[in-house]
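Me: I have a new structure in front of me and would like to learn how to read it. Please take me through its features step by step, starting with how residues are sorted.

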Amino acid sequence: MEKNINPEPFKIKMVEPLRFTTRAEREKLIVEAGYNCFNLKAEDVYIDLLTDSGVSAMSQAQWAALLLGDESYAGSRSFYRLKETVTAITGFEYVLPVHQGRGAEHIFTEMMVKPGDLIPGNMHFDTTRGHLALKGGRPLDLVIEEGLCPEVVHPFKGNLDITKLESILKEYGPEKVPFILITVTCNSNGGQPVSMENIKAAAKLASQYRVPLFFDMARFAENCFFIKEREAGYQDKEIIEIAREMFSYGDGCLMSSKKDGLVNIGGFIALKDQSLYQQAAQLSIIYEGFPTYGGMAGRDMEALAVGLKEAMEIPYLRHRTGQVAQLVSQLEKAGVPVVVPAGGHAVYLDAKKFFPHIPQEEFPGIALVVALYVESGIRATELGSCAFAEKDAGTGETIYPRLELVRLAIPRRVYTNTHLEFVANSIIKVFQNRHQYKGFKMVYEPPVLRHFTCRFEPL
Ligand SMILES: *Cc1c(COP(=O)(O)O)cnc(C)c1O
């Protein structure tokens with residue numbers, strides 16, 4: 001079969017109708033939303049690429065598993081089914097369910113972080129960073145330089161800079177560095193993978209300096225698939241074998257199952273050490289729930305146990321990463337500035353290059369997000385001067401982020417290749433008419449996390 005056709009490895013049994021809106025309707029709706037797509041009703045969106053989190057389509061096996069849910073408060077059969085699956089994938093004996101990834105972060109940072117600690121990683125996810133900072137810790141992003149350059153091609157742009165890691169460990173040691181956290185794939189720079197060689201090198205340093213190593217494994221299956229495709233020696237291995245090797249270099253992991261769990265909510269912590277698990281279980285009782293459900297329904301644990309296995313199936317992973325890669329390649333061919341190489345879960349447009357005539361203080365990323373919605377009913381996310389600009393504490397001056405990106409996150413098993421072709425064509429059309437678009441000014445700004453609720457007016 002021709003590779004670039006990328007046929008879906010599933011057929012459709014149940015459909016969710018999508019609503020077409022007219023351009024005139026969308027022009028009205030975006031004004032009502034204050035030109036912020038977070039304020040739109042999902043029903044008014046044709047293709048929703050806001051996130052890949054919690055928006056996966058479950059399989060028939062997962063829907064069937066829901067009916068097997070054991071809702072017992074303690075010792076639920078569904079918990080044991082989940083635990084067995086997680087242990088089979090990670091090798092970690094102790095499994096604690098949580099309501100979603102940030103529930104795991106809450107418990108884990110409460111146990112592990114004290115004020116003044118440094119926490120090195122490749123790039124910490126936003127909520128992880130928030131939890132580390134809440135406990136007085138300092139998150140350190142040590143991703144390799146290539147990982148921060150949108151136009152540089154490198155097979156593992158999520159890798160940690162091992163030299164930087166060693167200098168931190170040497171200077172501060174286990175007293176100040178409670179753990180290293182590797183995020184697979186590296187969400188914050190585009191779902192870029194981390195190589196096994198890099199993980200091994202980090203693990204060697206971790207053991208040399210007696211600092212434990214943990215994984216944020218939200219997209220572990222996508223990371224393992226990239227290792228299989230790109231790293232010598234892994235071509236003939238199953239995803240679960242690669243996962244087992246990867247986790248064998250660590251002491252535990254945190255999971256948001258809204259990603260590679262292929263479910264809509266949930267997560268877990270998995271640990272090697274029994275006494276650490278006992279502490280975590282105590283905290284779980286206060287924050288999440290009894291340790292055999294931790295904020296998840298029995299039926300959700302059943303669906304997750306099935307989803308974790310499906311997420312490691314090669315035809316699924318090939319199609320999923322293929323959809324992302326194909327969208328990137330179509331855009332590249334049309335000259336659209338896009339981050340390369342394609343990551344695992346999303347396509348990132350470089351809004352600064354897309355709209356060179358719109359300066360950063362006029363939000364080129366917002367201009368692009370608004371254009372995509374008004375032209376085609378597509379919802380994307382700005383990751384640029386709206387989401388990330390900071391005020392200098394001294395001068396009060398705005399510090400703009402280095403990158404001005406727009407993210408199109410691809411939900412798992414939800415959209416067909418035709419939907420994504422429509423997305424590509426819509427972006428290309430906006431790009432061809434790029435000179436007619438203008439910037440925005442912010443007219444309402446909440447005190448924290450402004451990008452979720454702020455409002456704009458066109459200039
Ligand atoms: C989504 C995500 C989280 C947080 O998980 P939630 O389930 O949204 O709370 C943590 N780390 C990474 C890498 C993520 O992508």
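Reply: Let's begin with residue classes: Ala, Val, Leu, Ile, Met, Phe, Trp, Tyr, Cys and Pro count as nonpolar, Asp, Glu, Lys and Arg as charged, and the others, Gly among them, as polar. This is a predicted model, in which local features need pLDDT of at least 70 and side-chain atom pairs need pLDDT 80 or more, while totals for chains, interfaces and linings use all residues. Numbering runs from 1 along each chain as its sequence is written, and side-chain values use heavy atoms, leaving out hydrogens and water.

Me: How many residues of each class are in the lining of the second largest cavity?

Reply: A cavity is a set of points, on a 1 Å grid over the protein atoms alone, where a 1.4 Å probe fits but cannot get out, and lining residues have an atom within 4 Å of a point. Here the second largest cavity is lined by P9, F10, Y316, H319, R320, Q323, P411, R412 and R413. Sorted by class, that lining holds 4 nonpolar, 2 polar and 3 charged residues. Its volume is about 50 Å³, where volume is the space filled by probe spheres set on points joined across faces, edges and corners.

Me: How many cavities of 30 Å³ or more does a search of the whole structure find?

Reply: The search gives 2 cavities of 30 Å³ or more, and the largest has about 120 Å³ of space. It is lined by 15 residues, and N36, C37, F38, I366 and E382 are the closest to its centre. Two elements each give two or more residues to this lining: α14 (364–376) and β11 (381–383). Helices (H or I, at least four residues) and strands (E, at least two) are DSSP runs numbered from the N terminus. Helix α14 supplies the largest share, 3 residues. By class, the lining has 11 nonpolar, 3 polar and 1 charged residues.

Me: What is the volume of the second largest pocket?

Reply: A pocket is an open set, with protein on both sides within 12 Å along at least five of seven lines. The second largest pocket has about 1,600 Å³. M14, E16, A57, R413 and V414 are the closest to its centre among 36 lining residues. Helices α2 (60–66) and α12 (314–333) are the elements that give two or more residues to that lining. The lining divides into 20 nonpolar, 7 polar and 9 charged residues.

Me: R413 turned up twice. Which residues does R413 touch?

Reply: A contact means heavy atoms within 4.5 Å. Leaving aside residues up to four places away in sequence, R413 touches F10, A57, M58, S59, Q62, L262, E310 and Y316. R413 itself sits in the loop between β14 (405–409) and α16 (417–432). From R413 to A297 is 116 residues in sequence and 23 Å in space, C-alpha to C-alpha.

Me: At what angle do helix α3 and helix α11 pack?

Reply: Axes are fitted to C-alpha atoms over the stretch in contact, and angles run from 0 to 180 degrees between N-to-C directions. For α3 (residues 77–90) and α11 (residues 298–310), the angle is about 25° and the axes are 8 Å apart. The pair is therefore roughly parallel, a term for angles under 35 degrees. On the α3 side, S78, F79, R81, L82, T85, V86 and I89 meet G298, M301, E302, L304, A305, L308 and K309 of α11. This contact has 8 nonpolar, 3 polar and 3 charged residues.

Me: What about α6 and α7, and α14 and α16?

Reply: Helix α6 (residues 162–176) packs on α7 at about 10°, with axes 10 Å apart, so these two are also roughly parallel. I162, L165, E166 and L169 of α6 meet N198, A201, A202, L205 and Q208 of α7. That contact divides into 6 nonpolar, 2 polar and 1 charged residues. For α14 and α16 the angle is about 115°, with axes 10 Å apart. L368, A371, L372, E375 and S376 of α14 make this contact with F422, S426, I427, K429 and V430 of α16. Its residues are 6 nonpolar, 2 polar and 2 charged.

Me: Which backbone details deserve a look?

Reply: Most residues other than glycine have a negative phi, and most peptide bonds are trans. In this model, Y35 has a positive phi near 60° and lies in the loop between α1 (23–32) and β1 (47–48). A cis peptide bond joins V184 and T185, with omega about -20°. T185 is in the loop between β5 (180–183) and α7 (196–208). The bond from V340 to P341 is cis too, with omega near -10°, and P341 lies in the loop between α12 and β9 (346–350).

Notes: Angles under 35 degrees count as roughly parallel, over 145 as roughly antiparallel, 65 to 115 as roughly perpendicular and the rest as oblique.
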